[in-house]
Amino acid sequence: MALEIEKKIEELGIVPVVVLQDAKDAEPLARALCKGGLPCAEVTFRTAAAKESIRIMAEECPEMLVGAGTVLTTKQVDEAVLAGAKFIVSPGFDPEIVDYCLEKKIPVFPGCITPSEIAQAVKRGLRVVKFFPAEQFGGAATIKALSAPYVGLKFMPTGGVSAANLKDYFGCKAVAACGGSWMVKGDLVAEGKFGEIERLTAEAVKLAAEIRK
């Protein structure tokens, strides 16, 4: 299962990072992402609406690959998976969360920004890790440097990634996909501008395809 999800994420190239304040926005947002060509979302556990939003997205748009982000506890892992999340993303490398997910065969992408953290991920057999916050920790240049001794490991940079620097990240062979929120900004969701989200998503898909060809 983990390998299938990793392949799907790499195929899509971009993982929209979603923060939802109200679960009522989950369905129209999911449909906008699907219509825009990105049937995928990392719904962050930063709000009380996260769990219900994941459930709605997973039920109403079964073609979507829905995951949970900013997962900080094993309890949140259980809540997310029960709601329908297919993968877990944590901002840092928490051995308890990673081991818990591996034990339950739940795909997990922990945040790794140092060789020591990456070593722990490799030791556990992980093939893809999150690199967060990407821009603040040196962006693509740092990923290239870290990937040299860890051949075969892929990174999913998130944090400060945008249409403006997407080319830099995809220029690094070790980047599996980029996580970003520029097409799903909070104000657009709050104002119900789902048509605009669909447009920005389609633009992101087109840009990624042009860069990666």
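Here is a friendly exchange about the strands, a helix and the salt bridges of a predicted model.

Trainee: What should I know about the numbering and the confidence limits?

Mentor: Residues are numbered from 1 along each chain as its sequence is written, and side-chain values use heavy atoms, without hydrogens and water. As this is a predicted model, local features need pLDDT of at least 70 and side-chain atom pairs count only at pLDDT 80 or more, while totals for chains, interfaces and linings use all residues.

Trainee: Which strands stand at the edges of the open sheet?

Mentor: Strands here are DSSP runs of E, at least two residues long, and helices are runs of H or I, at least four, numbered from the N terminus. Two strands pair if DSSP finds at least two bridges between them. The open sheet has 6 strands in the order β5-β4-β3-β2-β1-β8, with parallel pairing. Each edge strand has a single partner, so one side of it is left without a neighbour in the sheet, and these strands are β5 (108-110) and β8 (178-180).

Trainee: Which residue of β8 is the bridge partner of I14?

Mentor: Happy to help! Strand β1 (residues 14-18) pairs with β8 in the parallel sense over 3 bridges. In β8, the partner of I14 is C178.

Trainee: Which exposed residues does α7 carry on the face turned away from its buried side?

Mentor: Buried means under 20% relative accessible area, exposed over 50% and partly exposed in between, with a 1.4 Å probe and protein chains only. In helix α7 (residues 139-147), the buried residues are G139, A140, I143, L146 and S147. They cover an arc of only 125° around the axis (taken from the directions from the helix axis to the C-beta atoms), which puts them on the same side of α7. The face turned away from that side carries the exposed residues A141 and A145.

Trainee: How many residues apart in sequence are the parts that R127 and E6 tie together?

Mentor: A salt bridge is a side-chain nitrogen of Lys or Arg within 4 Å of a carboxyl oxygen of Asp or Glu. R127 forms one with E6, the closest N and O atoms being 2.7 Å apart. R127 lies in the loop between α6 and β6 and E6 in helix α1 (residues 2-12), so the separation of the parts they tie together is 121 residues.

Trainee: Is K154 buried or partly exposed?

Mentor: K154 meets E10 in a salt bridge (2.7 Å, N to O). E10 lies in helix α1 and K154 in strand β7, so this pair ties together parts that are 144 residues apart in sequence. At 22% relative accessibility, K154 counts as partly exposed.
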